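Got the viewer open? Here's a walk through the structure, one selection at a time.

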Amino acid sequence: MTTEIPTKSQEAAAVPPPGRASEKKRVQQGHKRLLTRRDRITLAFMAGVPTILHVLLVWVTALASILLAFTTWDGIGFDSIKWVGLDNFKQLFTDNPQFWPAVQHNVIWFVVLILIPTPFGLFLAVQLDKKIRFTRIYQTAFFLPVVISMACIGFVWQLIYNPDTGLINSIIGANKPGHYIDWIGDPKLNLWAVLIAASWRHAGYMMILYLAGLKSVDPSLREASALDGANEWQTFKNVIFPTLRPTNTVVLVVTIIEALRAFDLVFVFNKGAQGTELLSILVTNNIIGESSRIGYGSAIAVVLLVISLIVIIPYLIATFRKERRA
Amino acid sequence: MRISPSGLHVPGPSRRNVLRGAGSAALLAGAGIPLLSACGGSGSSSDPKTVSLGSNSSDAVPKKAFAEIYAAFTKQSGIKVDVNTKDHNTFQEQINSYLQGTPDDVFTWFAGYRMQFFAAKNLASPIDDVWAKIGDNFPDAMKQLSKGEDGKYYFVPLYTYPWAIFYRKSVFQAKGYEVPTTWDAFVALCKKMKGDGLVPIAFGDKDAWPAMGTFDQINFRLNGYDFHKSLMAGKESWTDAKVKAVFDHWAEILPYHQDGFMGRTWQDAAQTLVSKKAGMYVLGSFVGQQFTNKADLDDLDFFAFPEMNPAYGQDTVEAPTDGFMVSKSPKNHDGVVKLMEYLGTPEAEQIYLKADNSVVAASSKADTSSYTALQKKAYTMISGAKNLTQFMDRDSRPDFTSTVMQPGLQKFLQNPKGIDSLLSSIERQKKTIFASQ
């Protein structure tokens, strides 16, 4: 008997009071149906895991490498980390014979990519946009280098440039003593040689980006300018190119990123020997290996980070400003 | 990974660096080393009948040869060897984190500074008890190579190979050349070869380590073993006139080196010796692996780098040595001792040499009757040496050699005249690197 009483009272409470309150209840139930407990767990999982991974792999590592940049550490045991303040940076800026050439080469890399393959990619895109015959085949051919991994590109091109048995030296007869053209080793040549390989790939990339941009240009714009009597070049210069502005922004950012992260091609090509030093390769050489100089390598990585931020922050500010205005 | 055309494996620096170049993917995978310090090791059980062993011999031929050694050991002692083989290049790049994590009981490694470094960091166990038994099997020079800075033994050598000047007997015979024993005779020979339309000295420095071999030879011939060793240990100044003299001598023979060396691999350079277009080649005996034709290989010979200073003569031989070490806290100590004792016997070495005849046994007791003429000569040269060096990147801090010396020497080769500023730059960088110890 005694056990029945509370049950009864609960049942009584569970009976919904009439009127507006019951409507409210129904709304709550509807909300519950949208997000069951399982849904919530799934959601938390789907949002949580990427967040944790992002924080761990991006923020924690970035902050760790910034902190490590002010220490020396050989990677053996955490007690061997020693705080050295700005020493790593001082050494980097004054003593490291490879640092300034590396910065310079990263800049050259960007300038060359933006001046040669980017306009060339645009040119290809404009031609392919004209509905010429076999356009699909051309598109595929020009885009193929982008699909191949950088490491493979580096490998293929170093075979072409090989001083003894390579394609170029064999054709022009520059593989005999006294006539050698050392494409891979000569510091005056090797950066340009490797940039040709990089441009070969970058042009295809730019072509696809511009082609996508051109496809979205309203055909009525062309008609209008044709009616106004503009020739092809005038139409392109005054009508089409200005409408490609969003594409140009993407192209600029992509090219900057390509220039800063340039690594694999050169590493396979000649491991960043004299003439082709790059910041990314200096980071790798210092950190990876046996008794690694993790603090010093991190300092170089921080320099690379700062350069990226200098480039990316104005872009982000501009983008956000535009969004706010819209 | 890379099997040389002769079917033999390329020992030591050669293969390592070839792979270093080939494995950019492996490298990227290893980018997180310090954070993934627990990624190595097998963590095998403490079964008294099993010893775990981490091996870097990923090439087919040495892998099989090592497996035969372990099989013979199991047969003799009843203890199983559980081998974890890793890609040679990856093994080396992850060695720091591997030894700090849960390493195997025994691991393959190199003699010299590179061994002492891990011994000093307490990442390896001393094995004086093993050496009490196997000590008689080895010459004194090998004993020196196996000791840490604290005087205790940490290493059991298995095989070694010499660096020297390699040449074709038939070429020397046909042109009436004589083996030079002094620097002047060597330079004169280079000149003569050039006049005869030969490339006097084959050279390829794309991988950046071959130049270190030439530096080593000139330095210990000119300044002696003691200076070389202490220079490598960071105790001498690179701006010393003695070091400058090394580069002056090098600059003297540089015009006789093969053109276009910066973009050439050592394999391609060796091919010019195979095709008799080059007269000589300063390299390790693994150069023989590029000689796929037996007649060519029989024609290959070598001589020690010529004397440059009568005070030192030709008393030092560069002989990189590979062998085994014990990790910091092996799970099966008794088994490990037995295995190391077995690895220090001439029998174990002979099993290995059967598969790989480009190297010679580290033990002085090993049977030399099955050696090829080249092996016999290498053996005589090494066992007759007063001092043995390993190689610049094994005798010095690897971070110093890879981030300072490799680009530094390449810079010298491109511009021999800028040596003064280069040496002071090396010295400045050396100070900071060696200070961070």
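Start by selecting chain B: of its 437 residues, 55% are buried. Keep in mind that you're looking at a predicted model. Switch to cartoon and you can pick out 20 helices and 12 strands in chain B. Among contacts in chain B between residues at least 6 apart in sequence, 81% join residues at least 24 apart.

Next, colour chain B by domain. Make one selection of 12-160 plus 322-385 for domain 1, and another of 163-318 plus 397-435 for domain 2. The centres of these two domains of chain B, taken over C-alpha atoms, are separated by 28 Å. Zoom in on where they meet: domain 1 of chain B puts 14 residues into the contact, and domain 2 of chain B puts in 16. Which elements give two or more residues to the domain 1 side? Show α1 (12-22), α6 (113-120) and α17 (373-383) of chain B, and you have them. By class, that side of domain 1 has seven nonpolar, five polar and two charged residues.

Now for the sheets. Select β2, β1, β3, β10, β4 and β11 of chain B, and you'll be looking at an open sheet of six strands, in that order, with mixed pairing. Find the edges: β2 (80-85) and β11 (360-361) of chain B each have a single partner strand, so one side of each is left without a neighbour in the sheet.

Stay with this sheet and highlight β4 (155-160) and β10 (321-326) of chain B. These two strands pair in the antiparallel sense, over five bridges. To see a facing pair, show B:Y159, which stands opposite B:D322 in β10(B). Then add helix α3 (60-77) of chain B, which lies across β1 (50-55) and β2 of chain B. Against β2(B), the helix α3(B) runs at about 160 degrees.

Hide those and bring up another sheet in chain B. This open sheet has four strands in the order β6-β7-β5-β8, again with mixed pairing. Which strands stand at the edges here? Look at β6 (199-202) and β8 (300-303) of chain B: each has a single partner strand, so one side of each has no neighbour in the sheet. On average, neighbouring strands of this sheet are turned by 30 degrees against each other, direction ignored.

Pick β6(B) together with β7 (278-284) of chain B. They pair in the parallel sense over three bridges. Label B:A202 and look straight across to B:Y281 in β7(B), which stands opposite. Helix α13 (266-274) of chain B is your next click: this helix lies across β5 (163-168), β6 and β7 of chain B, and runs at about 140 degrees to β7(B).

Time to move over to chain A. Its secondary structure comes to 16 helices and two strands, and 35% of its 326 residues count as buried. For chain A, 65% of the contacts between residues at least 6 apart in sequence join residues at least 24 apart.

Last stop: show both chains and select where they touch. How many residues does each chain bring to the contact? There are 38 from chain A and 39 from chain B. On the chain A side, α14 (264-270) and α15 (279-287) are the elements that give two or more residues. Of the elements there, α14(A) gives the most, with four residues. Colour the chain A side by residue class, and you'll find 14 nonpolar, 16 polar and eight charged residues.

Notes:
Residues are numbered from 1 along each chain as its sequence is written. Chains are lettered from A and ligands numbered from 1 in the order in which they are written. This is a predicted model: local features need pLDDT of at least 70, side-chain atom pairs count only at pLDDT 80 or more; totals for chains, interfaces and linings use all residues. Two residues are in contact if their C-beta atoms, placed from the backbone, lie within 7 Å. Ala, Val, Leu, Ile, Met, Phe, Trp, Tyr, Cys and Pro count as nonpolar, Asp, Glu, Lys and Arg as charged, and the others, Gly among them, as polar. Two strands pair if DSSP finds at least two bridges between them. Axes are lines fitted to C-alpha atoms, for helices over the stretch in contact, and angles run from 0 to 180 degrees between N-to-C directions. Domain bounds come from an automatic or database domain assignment. A residue is buried if 20 or more other C-beta atoms lie within 10 Å of its own, exposed if 12 or fewer, and partly exposed in between; C-beta atoms are placed from the backbone.
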